[in-house]
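Biologist: Could you give me a close look at one part, the strand pairing, and then follow it into the packing? Keep it casual, but please spell out the cut-offs.

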Amino acid sequence: MPNKTFYITTTLPYVNSDPHIGFAMELVRADIIARYKKLLGQEVFFNTGTDEHGQKIYDGAKKAGLDTKTYVDNFAAKFKNLIPLLNIDPEVNFIRTTDKSHIKSAQTFWQRCDAGGFIYKKNYQVKYCVGCELEKTDSDLVDGHCPLHPKIDLELRDEENYFFKFSAFGDKLLDFYDKESGFVVPSWRLKEIRNFVQGGLQDFSISRLKTKMPWGIPVPGDDSQVMYVWFDALVNYISALGWPDNVDSFNKWWPAVQYAGKDNLRQQSAMWQAMLMSVGLTPSRRVVINGFINGPDGSKMSKSLGNVVAPEDLVGEFGAEAVRYYIARHFQNFEDSDFSLIRFKEAYNANLANGLGNLVSRIMKMATTYNVSIADKGKEENFFTVENLELENYNINKFVDDIWVDISKLDEYIQKEEPFKKIKVDKTGAEKDVAYLLASLFKVACKLEPVMPDTAQKIKTLILDNKMPTEALFLRKD
């Protein structure tokens, strides 16, 4: 039997630029899993939000000539708008790291970590990538630059900050990985983080001088320092539950499944887990790592190259359901994926307009013309009475591929049996064919519910009301 409760969260995107298709992918994938778990009968807490502190935010606001709070408010609104735009479950929790409740939680977390003896202060020199908001060792660099931000010069920092005793958790993390062999998905990412931990952990800075970078949560007991953005932002996974004040909520929902990009592997599966251990909390349930979305030639998307895709542009032309479909089926689960508008349009026309949409029209035309209704048992059918292996393993591609195999089989059945011809010579046989097609199409709609919820509901309503669609489910795009 599945657990009664389930907690899933995205990472919190950094609000120094407009939302892009990469985060839309993460948000839709988490929503698909959340909807699936609800269909299984579980209570679900689904969390997303915005990460709003740190150097990049502070610098971006100054460059834009805006008050920092105004700057983050503008971007946070754009990210929150992704919820209705992408047809995300409206019950999703949206947290901002500038929320007063989060600030209180982060400061309490700091105090407990400090009380445990895992925070200390020292002078240090370090190479720092503002793009990642992370310190870099020489082994992290390619030609003297961060490989993720090769156009941003590293900063050489020399100051006194607080540090987290990351080095104290190497053995504990390795023991945890051994006990929880499925902790990181896919498995090769677990091997990657294990190798990182085995290489020896270095304590990392968790504060910044307020005189240099004032935009952050104040360090408890030291007004000269603010919290390092990563230390602050990671706490959102538990502050969203009301920790530490709401013990009942925390105990009900924690631990969480965390979706993240591959550039977050170290922070999510090692740094955050060590931080949780430092205050005596249970580690996360699972960390699911996505690949990147690249341009059509495999190059990383960037504004300078002009290949960035805005979710609102795609939804504006093709609709939210089509975008959800493409993310679910055509972006690789765990590897990098290339994106082009041409490929998107090809998939839309072939699999939605000419595929699913056309199939629904053909079946409903026969059903209404021959006055065939779905059997009563079909009305109650729920595909998610038991756990689905592919979705339990976050293999959304395979799950949706299997649905389109079912759709192809229904097309083949129509071509083979030709009920539209059979009706002239064998009315009973044709009616049985159409009844089978209706029941099978209803099952397809049930499977589609977590992926394309509006489309699934439209199909179910057409079948149950025995009506032809008044317009095409998906208009062909030429």
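Modeller: Two strands count as paired if DSSP finds at least two bridges between them. Helices (H or I, at least four residues) and strands (E, at least two) are DSSP runs, numbered from the N terminus. Bear in mind that this is a predicted model: local features need pLDDT of at least 70, side-chain atom pairs need 80 or more, and totals for chains, interfaces and linings use all residues. Residues are numbered from 1 along each chain as written, and side-chain values use heavy atoms, with hydrogens and water left out.

Let's start with the six-strand sheet. This sheet is open, its strands come in the order β3-β2-β1-β12-β13-β7, and the pairing is parallel. The edges are β3 and β7 (184-185), each of which pairs on one side only.

Now zoom in on β2, which spans residues 43-50. Seven of the eight residues in β2 are buried (under 20% relative accessible area; exposed is over 50%, partly exposed in between, with a 1.4 Å probe on protein chains only). Towards one neighbour, β1 (residues 5-9), β2 makes five bridges in the parallel sense, and among the partners there are Phe 6 and Val 44. Towards strand β3 (residues 93-96), β2 makes four bridges, again parallel. There, Thr 48 of β2 stands opposite Phe 94.

Further along the order, β12 (residues 257-261) and β13 (residues 286-290) run parallel and are joined by five bridges. Gly 261 is the residue facing Asn 290 of β13.

There's also an open sheet with antiparallel pairing, built from three strands in the order β9-β11-β10. Its edges are β9 (207-209) and β10 (218-219); each has a single partner strand, so one side of each has no neighbour in the sheet. The β10 pairing with β11 (residues 222-227) is antiparallel and rests on two bridges. Within this pairing, Pro 218 sits across from Val 226 in β11.

From the strands, on to the packing. The largest nonpolar core (buried Ala, Val, Leu, Ile, Met, Phe, Trp, Tyr and Cys joined through side-chain atoms within 4.5 Å) has 155 residues. Those with the most contacts inside this core are Phe 164, Leu 173, Tyr 177, Trp 254, Trp 272 and Trp 404. As for who supplies the core, helix α14 (residues 341-370) gives the most, with 13 residues.

Take Phe 164 as a case. Leaving out residues up to four places away in sequence, its contacts (heavy atoms within 4.5 Å) include Cys 113, Phe 118, Phe 169, Asp 203, Phe 204, Ala 274 and Ser 278. Cys 113 belongs to helix α5 (residues 100-115) and is buried, at a relative accessible area of 0%. With the sequence neighbours again set aside up to four places, Cys 113 touches Phe 118, Ile 119, Phe 164, Ser 278 and Val 279. The C-alpha atoms of Cys 113 and Lys 165 are 9.7 Å apart, although 52 residues separate them along the chain.

Then there are the rings. Phe, Tyr and Trp (its six-membered ring) pair if their centres lie within 6.5 Å; planes under 30 degrees apart are stacked, over 60 edge-to-face, the rest tilted. By this rule the model has 38 aromatic pairs. One of them is Phe 318 with Phe 344: the centres are 4.6 Å apart and the planes stand at 55 degrees, so the pair is tilted. Phe 318 is in helix α12 (residues 311-318) and Phe 344 in helix α14, so the pair ties together parts 26 residues apart in sequence. Both rings belong to buried residues, Phe 318 with a relative accessible area of 6% and Phe 344 with 2%. Tyr 326 and Phe 331 give you an edge-to-face pair, with 5.5 Å from centre to centre and 90 degrees between the planes. Here too the partners are buried: Tyr 326 has a relative accessible area of 5%, and Phe 331 has 0%.

Finally, back towards the strands. One aromatic cluster includes Tyr 7, Phe 45, Phe 109, Trp 110, Tyr 162, Trp 254 and Trp 272. Trp 254 and Trp 272 have already come up among the residues with the most contacts inside the largest nonpolar core. Tyr 7 falls in the range of β1 (residues 5-9), and Phe 45 in that of β2 (residues 43-50).
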